[in-house]
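Here are my notes on the model you passed along. I started with the confidence scores, then went to the ligand site and the helix beside it in the numbering.

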Amino acid sequence: HRHLLGIEGLTPAEIVTLLDLAEEAVAVSRQVEKKKSVLRGRTQINLFFEASTRTQSSFEIAGKRLGADVMNMSVGASSVKKGETLVDTAMTLNAMNPDILVVRHHAAGAVHLLAQKVGCSVVNAGDGAHEHPTQALLDALTIRRHKGPIHRLRIAICGDILHSRVARSNILLLSALGAEIRCVGPSTLLPKALDRLGVDIFTDMRKGLEGADIVMMLRLQRERMDGSFVPSVREYFRYFGLDAEKLALAAPGALVMHPGPMNRGVEIDSEIADGPQSLIREQVEMGVAVRMAVLEALAQHLPN
Ligand code: CP
């Protein structure tokens with residue numbers, strides 16, 4: 001079975017093929033009749049061990065638009081609460097013969113483990129601080145629609161990079177397509193191995209934003225902090241919150257992105273989040289299109 005476990009391992013050509021397929025899905029999603037039938041008769045199970053608004057709902061809508069029967073496993077009301085393990089839960093669902101399993105889990109690597117165990121295609125919907133490949137694809141699609149080819153764009157990814165699977169997948173994808181990536185944040189929230197990924201590192205946000213074509217904001221992932229460093233909101237916003245004054249340092253026509261969920265007044269000012277440079281709502285629309293593209297690409301390799 002084919003899987004989508006991360007951006008790592010995808011070639012630039014494969015990424016561009018998925019983005020082109022997603023562009024077609026945008027058109028389908030804007031029609032009155034939104035249905036295709038490439039997944040008719042197929043079963044898709046969404047298995048989310050962590051909270052989600054955007055990813056889970058867009059995978060459900062994407063599967064349904066392609067004609068799949070989609071089931072959302074409600075982990076909170078499942079036998080996980082009675083001590084059943086991740087693998088036993090997945091193998092139980094696998095016995096019901098799904099074709100595609102979409103998984104989110106708090107442990108990095110959990111989705112890779114399941115892909116080795118189950119007999120269907122697995123899609124990573126976020127595993128710990130490791131990868132969130134469909135988020136990076138939807139971000140790239142959104143950028144490409146506004147700025148054209150990603151090659152040579154200067155993209156500043158700002159905030160809690162250390163705990164962010166979104167940052168990791170975006171760094172892999174956007175650098176594979178030739179962007180200049182800057183990571184901006186307090187040194188305590190920047191991973192040590194960042195320079196090996198070929199990005200430029202800034203602890204002064206004003207310097208990091210200079211000339212940026214895209215400013216991508218990230219939330220503080222308090223649920224992944226061990227308590228040793230949790231910045232105060234007021235101080236964090238002052239130094240690393242995106243407001244009009246800091247955004248003015250970016251390139252003319254710079255666009256602002258955020259994967260969500262947003263914490264207004266912490267990493268981003270409401271005026272910016274809702275302002276004319278914000279692509280945040282469009283990112284959500286592109287999320288459905290990219291997930292349709294990924295499911296459709298996997299469908300081409302499902303057994304007949
Ligand atoms: N961006 C993102 O993954 O959002 P959710 O956690 O709401 O799915």
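1. Confidence first. This is a predicted model, and the chain averages a pLDDT of 95, with 99% of its residues at 70 or more. The scores for the model are ipTM 0.98 and pTM 0.97.

2. Who lines the ligand? The residues around it are Ser 52, Thr 53, Arg 54, Thr 55, Arg 104, His 132, Gln 135, Pro 259 and Gly 260. By class, that shell splits into six polar residues, two charged and one nonpolar.

3. Now the polar contacts, if you want distances to check. The side chain of Thr 55 puts an N or O atom 2.6 Å from a ligand oxygen. For the side chain of Arg 104, the corresponding distance to an oxygen atom of the ligand is 2.9 Å. Arg 54 takes part through its backbone, with an N or O atom 3.0 Å from a ligand oxygen. As for cover, the ligand on its own has 260 Å² of accessible area, and the protein covers 92% of that.

4. Arg 54 and Thr 55 also belong to helix H2, which runs over residues 54–65. Its twelve residues span 16 Å from first C-alpha to last, close to the 16 Å expected at 1.5 Å a residue.

5. Which residues of H2 are buried? They are Thr 55, Gln 56, Ser 58, Phe 59, Ala 62, Gly 63 and Arg 65. When reading that list, bear in mind that an α-helix has 3.6 residues a turn, so residues three or four places apart point the same way.

6. One backbone detail to look at: Gly 67, just after H2, has a positive phi of about 90 degrees.

Key: Residues are numbered from 1 along each chain as its sequence is written. This is a predicted model: local features need pLDDT of at least 70, side-chain atom pairs count only at pLDDT 80 or more; totals for chains, interfaces and linings use all residues. Side-chain values use heavy atoms; hydrogens and water are left out. A residue is near a molecule or strand if one of its heavy atoms lies within 4 Å of it. A polar contact is a pair of N or O atoms within 3.5 Å; within protein, one must be able to donate a hydrogen and the other to accept it, and residues adjacent in sequence count only if both atoms are side-chain atoms. Accessible areas come from the Shrake-Rupley method with a 1.4 Å probe; for residues, only the protein chains shown count as cover. Ala, Val, Leu, Ile, Met, Phe, Trp, Tyr, Cys and Pro count as nonpolar, Asp, Glu, Lys and Arg as charged, and the others, Gly among them, as polar. pLDDT is the predictor's confidence in each residue, from 0 to 100. Helices (H or I, at least four residues) and strands (E, at least two) are DSSP runs, numbered from the N terminus. The expected span of a helix is 1.5 Å times one less than its number of residues. Buried means under 20% relative accessible area, exposed over 50%, partly exposed in between (1.4 Å probe, protein chains only).
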